[in-house]
Amino acid sequence: MHTKNEEELLALGERLGHLLQKDDVLILTGELGAGKTTFTKGLAKGLDIRQMIKSPTYTIVREYEGRLPLYHLDVYRIEGDADSIDLDEFLFGGGVTVIEWGHLLGEDLPDSYLELEILKEADGRCLQFIAHGSRAEQLIKELQDGV
């Protein structure tokens, strides 16, 4: 998928947010400034979250309440040491978990999650969705059917 500007990236995030269910996990990758937190802002809107979404870069985790709780993590600074935070509390906390730089967790990732790589391009962003498990495959299909 391709977005031309921030508004389209937010709208795509919002569409996905409407589809999310309890215990869904998203892993966001992309260089600094690619739009990971911007996408999460749209996703939060789709989860009926009215709070301002901020990057969890320095706090590691931010929690928000909406239709479902949103656990927004940034694991860049824990350098792959998943034991430094209680991941299970978020992965199985009855909400939606979004992990920026989640690929750094390696084998500590759950079996089922939707991975999104956001790539900067001259005319916007290229978004590559990768399914890990049947639930993630279902989300991609539902997202594409809505396009």
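Modeller: Helices (H or I, at least four residues) and strands (E, at least two) are DSSP runs here, numbered from the N terminus. The model is predicted: local features need pLDDT of at least 70, side-chain atom pairs count only at pLDDT 80 or more, and totals for chains, interfaces and linings use all residues. Numbering starts from 1 along each chain as its sequence is written, and side-chain values use heavy atoms, with hydrogens and water left out.

Colleague: OK, how many helices and strands does the protein have?

Modeller: Walk along the sequence and you get β-α-β-α-β-β-α-β-β-β-α. Tallied up, that's 4 helices and 7 strands.

Colleague: What order do the strands take in the sheet?

Modeller: The sheet is open, with 7 strands and mixed pairing; two strands pair if DSSP finds at least two bridges between them. At the edges sit β1 (2-3) and β3, each pairing on one side only. The order reads β1-β7-β6-β2-β5-β4-β3.

Colleague: In which sense do β2 and β6 pair, parallel or antiparallel?

Modeller: There are 4 bridges between β2 and β6 (residues 113-121). In β6, L26 has L114 as its bridge partner, and I27 stands opposite E115. The sense is parallel.

Colleague: And over how many bridges do β6 and β7 pair?

Modeller: A hairpin takes β6 into β7 through 2 residues. Y113 has H132 in β7 as its bridge partner. The pairing is antiparallel, and the bridge count is 9.

Colleague: Moving to α4, at what angle does the helix run to β7?

Modeller: Helix α4 (residues 134-145) lies across both β6 and β7 (124-132). The axes are lines fitted to C-alpha atoms, for helices over the stretch in contact, and angles run from 0 to 180 degrees between N-to-C directions. For α4 against β7, that gives about 140°.

Colleague: How far apart are the end C-alpha atoms of α4?

Modeller: Take 1.5 Å times one less than the number of residues as the expected span. With 12 residues in α4, that should come to 16 Å, and the end-to-end distance agrees: 16 Å.

Colleague: Which elements do the buried residues of α4 pack against?

Modeller: Buried (under 20% relative accessible area, with exposed over 50% and partly exposed in between; 1.4 Å probe, protein chains only) describes R135, A136, L139, I140 and L143 in α4. They're on the same side of the helix, because their arc around the axis, taken from the directions to the C-beta atoms, is only 140°. S134, E137, K141 and D145 are exposed on the other side. By contacts (heavy atoms within 4.5 Å), the buried set packs against α1, β6 and β7.

Colleague: Which residue in the loop between α1 and β2 should I look at for a positive phi?

Modeller: That loop runs between α1 (6-19) and β2 (25-29). The residue in question isn't glycine, yet its phi is near 70°. It is partly exposed, with a relative accessible area of 34%. Have a look at D23.

Colleague: What is the relative accessible area of D48?

Modeller: D48 also has a positive phi, near 60°, and isn't glycine. You'll find D48 in the loop between α2 (36-46) and β3 (61-64). Its class is partly exposed, because the relative accessible area is 37%.

Colleague: Last one: what share of the protein's residues is buried?

Modeller: Among contacts between residues at least 6 apart in sequence, 61% join residues at least 24 apart. The accessible surface (Shrake-Rupley method, 1.4 Å probe) comes to about 7,500 Å², with 46% belonging to carbon and sulfur atoms. Of the 147 residues, the buried share is 48%.
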